[in-house]
Amino acid sequence: MAPVAVQTPAEPAPVRGPIDYKEAFITGPKAYNKEYEEKGSAHQAPAKYPNYLPTWDSKTYPPLEPFTHYDHGKDADLSFPHLFADVKPKTLTPKIGSEVHGVQLSKLSDKGKDELARFVAERRVVAFRDQDLADLPIQEALDFGSYFGRHHIHVSSGAPAGYPEIHLVHRSAEDTAARDYYQERTNSVTWHSDVTFEQQPPGTTFLYVLDGPEAGGDTVFASMVEAYNRLSPEFQKRLHGLQALHSGFEQAENSLSRGGVVRRSPVANTHPLVRTHPVTGEKALFVNAQFTRRILGLKKEESDMLLKFLFNHVALGTDFQARVKWEPGTVVVWDNRVSTHSALLDWDDGHRRHLARITPQAERPYETPFEEPKQG
């Protein structure tokens, strides 16, 4: 389809929520130091993967069209023989998170990929170590990811030249954002599931490290299945049937304010507060402070009160969270439908942080009727 014009600046957000949009990792052309990235600085080496350095071209795209998603986790052998063979995953916490050594994702057969989708849905987030995904030609990495769904093109992030399907998480060498950020904020935590404002948000998602500080910049994940399960049956029942508005307008506005791009007209979509996973059948809360703005059918004060409770419930749920440390060669795979996450801005030595995300979209969120918890 031919590109279409995007209205600039972005239209005002359709509604404001109880929590302001918060972006601790503000990056973009204004914060990008091309010389330091390509040649290095007095204290930092050049980028390890220059082919993944961000660009912000002016090309725009038409609105996303609905598509039929098929989740290959439905075809998985639940004993995972093609994924693990003789490898035993390490459980990070009882409710969420696993770590795996000895499996090369890029070499998986289709049956192994089916099992990967299912295992990640069950464990929410899995860190695979010693991977070669970053060393492959970018198109080969994208070909691998396309098995899991249609690639999402982010509305505003930097991308490697010629590969808009790659979402880059990038902070330049010698960047002082942490020091500057904490002049105005007390923490960098921004719980979210990726781009939930889209009609069909992502499912099985891949993030791989290219460069990062020796310590710091970890990512913390929370199980939205366990967040739902912790609620009382009466509270769960009340949440069923409620729909919330998820907005991408604020993200677009922030991009424009820092000299960035808006590749598509920003959108807002409504999704159920409780969604059902199409493979496991598990129910999960589907709200996040970054993008969820309003519960439909409630007055603003009522909506704000309920959303604040749910946001705090997830943020305080350390007993259903896992913290993943990035190491060279790490690929973290998570199911965006049943987990939420936040990066941590906790290093101030000027080291770049550079990661690449492959973001296959999944089905439009849906809910199934409330079920009384099973006894015993």
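Is R357 buried or exposed? I looked this up before anything else, keeping in mind that the model is predicted. R357 is buried, with a relative accessible area of 6%. The cut-off for buried is under 20%, so R357 counts as buried at its 6%.

**Entry on strands 4 and 15.** I then asked where R357 sits, and found it in strand 15. Strand 15 covers residues 353–358 and runs antiparallel to strand 4, with 6 bridges joining the two. I checked one pair of residues across them: R171 stands opposite R353 of strand 15. I also looked up R357 against I166: their C-alpha atoms are separated by 5.8 Å, although the two residues are 191 apart along the chain. Strand 4 takes in residues 166–171, and 5 of its 6 residues are buried, so this strand is largely enclosed by the rest of the structure.

**Entry on the open sheet.** Which strands form the open sheet, and in what order? I noted 3 strands in the order 8-7-11, with antiparallel pairing. Strand 8 (268–272) and strand 11 (292–295) are the edge strands, each pairing on one side only. Neighbouring strands here are turned by 30° against each other on average, direction ignored. Strand 7, residues 243–247, pairs with strand 8 in the antiparallel sense over 5 bridges. Within that pairing I located Q243, which stands opposite P272 of strand 8.

**Entry on helix 8.** I traced helix 8 over residues 300–315, which makes 16 residues. From its first C-alpha to its last it reaches 22 Å, close to the 22 Å expected at 1.5 Å a residue. Which residues of helix 8 are buried? I listed S303, D304, L306, L307, L310, F311, H313 and V314. An α-helix has 3.6 residues a turn, so residues three or four places apart point the same way.

**Entry on the largest pocket.** I put its volume down as about 350 Å³. Of the 19 residues that line the largest pocket, I19, V189, W191, A289 and F311 are the closest to its centre. Which element gives the largest share of the lining? Helix 8 does, with 5 residues. F311 therefore goes down twice in my notes, as a buried residue of helix 8 and as one of the residues closest to the pocket centre.

**Entry on the annotated domain.** The unreviewed UniProt entry carries the annotation "domain: TauD/TfdA-like" over residues 91–359. Over residues 91–359 I recorded 24% helix and 25% strand, with the end C-alpha atoms 24 Å apart.

Methods. Residues are numbered from 1 along each chain as its sequence is written. This is a predicted model: local features need pLDDT of at least 70, side-chain atom pairs count only at pLDDT 80 or more; totals for chains, interfaces and linings use all residues. Side-chain values use heavy atoms; hydrogens and water are left out. Two strands pair if DSSP finds at least two bridges between them. Helices (H or I, at least four residues) and strands (E, at least two) are DSSP runs, numbered from the N terminus. Axes are lines fitted to C-alpha atoms, for helices over the stretch in contact, and angles run from 0 to 180 degrees between N-to-C directions. The expected span of a helix is 1.5 Å times one less than its number of residues. Buried means under 20% relative accessible area, exposed over 50%, partly exposed in between (1.4 Å probe, protein chains only). UniProt positions are given in the numbering used here, feature names are shortened, and annotations may be inferred rather than shown by experiment. On a 1 Å grid over the protein atoms alone, a cavity is a set of points where a 1.4 Å probe fits but cannot get out, and a pocket is an open set with protein on both sides within 12 Å along at least five of seven lines; lining residues have an atom within 4 Å of a point. Grid points are joined across faces, edges and corners, and a volume is the space filled by probe spheres set on the points.
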